[in-house]
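The following exchange examines how certain descriptive terms are justified for the model shown here. Each reply sets a computed value against the criterion that applies.

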Amino acid sequence: MNAVQALKRIQAGQRQGECPMDAPMLDAAAQIATDAGALVDLIESAGDAQATLTNVLAHHAEAMTAADRRSRSELAQRLHSLLDALYGVQGCGGEG
């Protein structure tokens, strides 16, 4: 099981009311712990990508079609919201 599969397994277990101490949940948590460094790198890279996309929109939006501008803006906002949820703070970033 890879880290994404482990996260999906935990999510499914929570939805089904499984206890965090159930064996499948513990196995998934162990995989997450194994891949923690890669997950942190991924989250930090997503923050960098969100900041870059926001910067591109701020400086080059006038050169984009309305549809492109809208889709990129929606993506930047979605990344921002997801990162906020992961960091548990307002705005991108958090404690490093």
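Q: What makes Ala3, Ala6, Leu7, Ile10 and Leu39 count as residues that isoleucine 32 touches?
A: In this predicted model, isoleucine 32 touches Ala3, Ala6, Leu7, Ile10 and Leu39, where residues up to four places away in sequence are not counted. A contact requires heavy atoms within 4.5 Å, so each of these five residues meets that criterion with isoleucine 32.

Q: Why is isoleucine 32 called buried?
A: Its relative accessibility is 18%. Buried means under 20%, so isoleucine 32 falls in that class. The residue is located in helix α2, which covers residues 23-34. Leucine 79 lies 47 residues from isoleucine 32 along the chain, and their C-alpha atoms are separated by 21 Å.

Q: Why is alanine 29 called partly exposed?
A: Alanine 29 also belongs to helix α2. Its relative accessible area is 37%; because the partly exposed class lies between 20% and 50%, the term applies. The C-alpha atom of alanine 29 is 9.1 Å from that of alanine 3, with their positions 26 residues apart along the chain.

Q: How do you know that glutamate 18 forms a salt bridge with arginine 9?
A: The closest N and O atoms of the pair are 2.8 Å apart. The criterion is a side-chain nitrogen of Lys or Arg within 4 Å of a carboxyl oxygen of Asp or Glu, so the pair qualifies. Glutamate 18 is partly exposed at 21% relative accessible area, and arginine 9 is partly exposed at 24%.

Q: What makes arginine 72 and aspartate 68 a salt bridge?
A: Their closest N and O atoms are 2.9 Å apart; the cut-off is 4 Å, so this pair qualifies. Both residues lie in helix α4 (residues 66-87), four residues apart, which is about one turn of the helix. Arginine 72 has a relative accessibility of 33% and aspartate 68 one of 26%, so both are partly exposed. In total, the structure holds two salt bridges.

Q: Why is arginine 70 called partly exposed?
A: Arginine 70, found in helix α4, has 47% relative accessibility. Exposed would require over 50%, and buried under 20%, so arginine 70 is placed in between. Its C-alpha atom is 13 Å from that of alanine 58, 12 residues away along the chain.

Q: How do you know that the elements of the protein run α-α-α-α?
A: There are four helices and zero strands, so the order from the N terminus on is written α-α-α-α.

Q: What makes the protein more spread out than a compact globule?
A: The radius of gyration is 17 Å, whereas the globule rule gives 12 Å for 96 residues; the value is well over the rule, so the description holds. The C-alpha trace spans about 55 × 30 × 25 Å along its principal axes. Of the 96 residues, 18% count as buried. Among contacts between residues at least 6 apart in sequence, 37% join residues at least 24 apart.

Q: How many side chains are positive and how many negative?
A: The protein has 7 positive and 12 negative side chains, and the centres of the two sets lie 12 Å apart. The protein exposes about 6,700 Å², of which carbon and sulfur atoms supply 57%.

Technical notes: Residues numbered from 1 in each chain as written. Predicted model: local features only at pLDDT ≥ 70, side-chain atom pairs only at ≥ 80, totals over all residues. Heavy atoms only, no water. Buried < 20%, exposed > 50% of the residue type's maximum accessible area, 1.4 Å probe, protein only. Helix = DSSP H or I, 4+ residues; strand = E, 2+ residues; numbered from the N terminus. Rg over C-alpha atoms; globule rule 2.2 N^0.38 Å. Areas by Shrake-Rupley, 256 points an atom, 1.4 Å probe, with all protein chains shown as cover. Lys, Arg positive; Asp, Glu negative; His and termini not counted. Charge placed at Lys NZ, Arg CZ, Asp CG, Glu CD.
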